[in-house]
There are 2 protein chains.
Amino acid sequence: MERANIIDQIALKQSFLCVGLDSDLKKIPKFFLDYEDPIFEFNQRIIALTKDYCVAYKPNIAFYEALGTRGWVSLERTLEIIPDTHFSIADAKRGDIGNTSSLYARTFFETYPFHAVTIAPYMGRDSVLPFLEFDKKWVILLGLTSNIGSQDFQFMKTERGQYFYQLVLETSSTWTNHDRMMYVVGATQPESFKLIRQIVPNHFLLVPGVGSQGGDLQAVFKNGSNRDVGLLVNASRSIIYASNEEANFDEAVEEAAFNLQQQMKQLMT
Amino acid sequence: MERANIIDQIALKQSFLCVGLDSDLKKIPKFFLDYEDPIFEFNQRIIALTKDYCVAYKPNIAFYEALGTRGWVSLERTLEIIPDTHFSIADAKRGDIGNTSSLYARTFFETYPFHAVTIAPYMGRDSVLPFLEFDKKWVILLGLTSNIGSQDFQFMKTERGQYFYQLVLETSSTWTNHDRMMYVVGATQPESFKLIRQIVPNHFLLVPGVGSQGGDLQAVFKNGSNRDVGLLVNASRSIIYASNEEANFDEAVEEAAFNLQQQMKQLMT
């Protein structure tokens, strides 16, 4: 998918919402368990209920992998029903030496037709570049994550006085094909967005942490948006687990997505 | 597997060799392609030929994942035939926020019965601790990797003047259950082993990069071993792709493993 397609969709939908498909057999409502492939049925329902309010879907690969081969089948079937208009992100946090990263790239861009994959930066340039060789495919590199553990290393100061995550953004945003790169920046760190926009003014940011993790959408938009919006804000649990009851499941899920889209629309206008 | 079991095996075999199962359909000898599950047949043959000379096997998960569900089936079957005496490592380089890391831990320790999994440190403590909660299971955290890209971030200096990878070792080696942690340290960085042993004198190190990547076994042993040996040195391509010909395949693979074991035996005595 091209950058222009993403921007068009955001304008059309008045939304920069990404719905995270963290679909867990232990958490999806019980009535889905009657189906042969409960995870797929759940995802299918979630997609039907949310597609008008979001521009991207992000299956969290851990949830599929944990189920063994049947999880990968559920994932494959889910990818088939994500509308072509929507940006699809494999939240996989991969990254290895060059020849191995090439294989991970084949996995997520060829074996499974994702548009993007999340990548951990620790191993440096040759662990990321193989993913950037694919036309119309995207790397979403971990910048500043939304979890407590982001304090351990990402906020360590370098000898030049910058935070380590800033160095990651600064260095990686000069790599070949960096125009097919986005960054993960957690919504729980709204005060950091201004600093981040000084380093990467144009790149899209994938922002987890709104919803269950407590991030503030308004602060993220204020400090993090650019002229193309430049944000994909992810919500997972607050949407997909909006209800446990068959009676109001559709209503609750649709409402959760609609509410976020309405907030986004208001921010965009 | 307990630390004592690993140490016993090393003494018994006079070897600290780990064989990396980077089994690639495009690289395994053509005669395996006649089998229904070529990757499994290849791995089975490799294991039979090398098990007397090594103490661990390390499937590189990227190679299995790239094949979709049939890759995971090959992996599952391979795990069933790795002898109980041998330490099994999922080279997966995972790591995510706490609830997701818990799922990855379930994947590699329960869905697939690995003894250990490699983890990337960027997301910090809560991305690693869920893996350390499993009794007799191991985290192998990326310390200093063997690739060129290790220069990009791992060798950046912190404000205290240490390298970033040293900070990772120093911080993580205080975490709860760190006695079930090992570190990845590339053999291509032999001069760094002395420094690393000052920070983590007792932890085992998983050392890739001997063989095709050019690392020096003798230098690694001299600077990196401790009283328990404390090393698992991995070789992948130099062993498993030792021959392309059916006529001498068994001989070439066994000889490659035997030669490394002999070098190790000499270093240990």
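User: Helices here are DSSP runs of H or I with at least four residues, strands are runs of E with at least two, and both are numbered from the N terminus. So where is the place of B:Glu246?

Analyst: B:Glu246 sits in the loop of chain B between α11 (237-240) and α12 (249-268). This is a predicted model, in which local features need pLDDT of at least 70 and side-chain atom pairs count only at pLDDT 80 or more, while totals for chains, interfaces and linings use all residues. Residues are numbered from 1 along each chain as its sequence is written, with chains lettered from A and ligands numbered from 1 in the order in which they are written.

User: Thanks! Is B:Glu246 buried or exposed?

Analyst: B:Glu246 is exposed, with 11 other C-beta atoms within 10 Å. The cut-offs, with C-beta atoms placed from the backbone, are 20 or more others within 10 Å for buried, 12 or fewer for exposed, and partly exposed in between.

User: What does B:Glu246 touch?

Analyst: Not counting residues up to four places away in sequence, B:Glu246 touches B:Pro29 and B:Phe31. Contact means that the C-beta atoms, placed from the backbone, lie within 7 Å. B:Asn226, on the other hand, is 20 residues from B:Glu246 in sequence but 40 Å away in space, C-alpha to C-alpha.

User: Let's zoom out. How many helices and strands are in chain A?

Analyst: Chain A has twelve helices and eight strands. Its radius of gyration is 18 Å, close to the 18 Å from the globule rule for 269 residues, so chain A is as compact as a globular protein of that length. That radius is taken over C-alpha atoms, and the rule is 2.2 Å times the number of residues to the power 0.38. Along the principal axes, the C-alpha atoms of chain A fill a box of roughly 55 × 45 × 35 Å. Of the 269 residues, 55% count as buried.

User: And how are the two copies related?

Analyst: A turn of 180 degrees and a shift of 0.0 Å along the axis lay chain A on chain B with an RMSD of 0.0 Å. The two copies are thus related as by a two-fold rotation axis. The superposition is by least squares on C-alpha atoms of residues with pLDDT of at least 70 in both copies.

User: How many residues are in the contact between them?

Analyst: Chain A and chain B put in 48 residues each. On the chain A side, α5(A) gives the most, with seven residues. By class, that side has 19 nonpolar, 19 polar and ten charged residues. Here Ala, Val, Leu, Ile, Met, Phe, Trp, Tyr, Cys and Pro are nonpolar, Asp, Glu, Lys and Arg are charged, and the others, Gly among them, are polar. Also, 100% of the interface residues of chain A are interface residues in chain B too, so the copies meet through the same surface.

User: Why is α6(A) called largely enclosed?

Analyst: Because seven of its eight residues are buried. They are A:Arg125, A:Asp126, A:Ser127, A:Val128, A:Pro130, A:Phe131 and A:Leu132. These pack against α5, β4 (116-119), β5 (138-144), α8 and β6 of chain A, together with α7 (150-153) of chain B. α8(A) is largely enclosed by the rest of the structure as well, since seven of its nine residues are buried.

User: What about α10(A), which residues are buried there?

Analyst: In α10(A) (residues 217-224), the buried residues are A:Leu217, A:Val220, A:Phe221 and A:Gly224. Seen down the axis of α10(A), they fall within an arc of 95 degrees, so they line one face of the helix. The arc is that of the directions from the helix axis to the C-beta atoms. An α-helix has 3.6 residues a turn, so residues three or four places apart point the same way.

User: One last oddity: what is phi of A:Val229?

Analyst: Phi of A:Val229 is near 70 degrees, a positive value in a residue other than glycine. A:Val229 lies in the loop between α10 and β8 of chain A, and A:Val229 is buried, with 22 other C-beta atoms within 10 Å. A:Asn177 has a positive phi too, near 65 degrees, but A:Asn177 counts as partly exposed, with 16 C-beta neighbours inside 10 Å.

Methods. Two residues are in contact if their C-beta atoms, placed from the backbone, lie within 7 Å.
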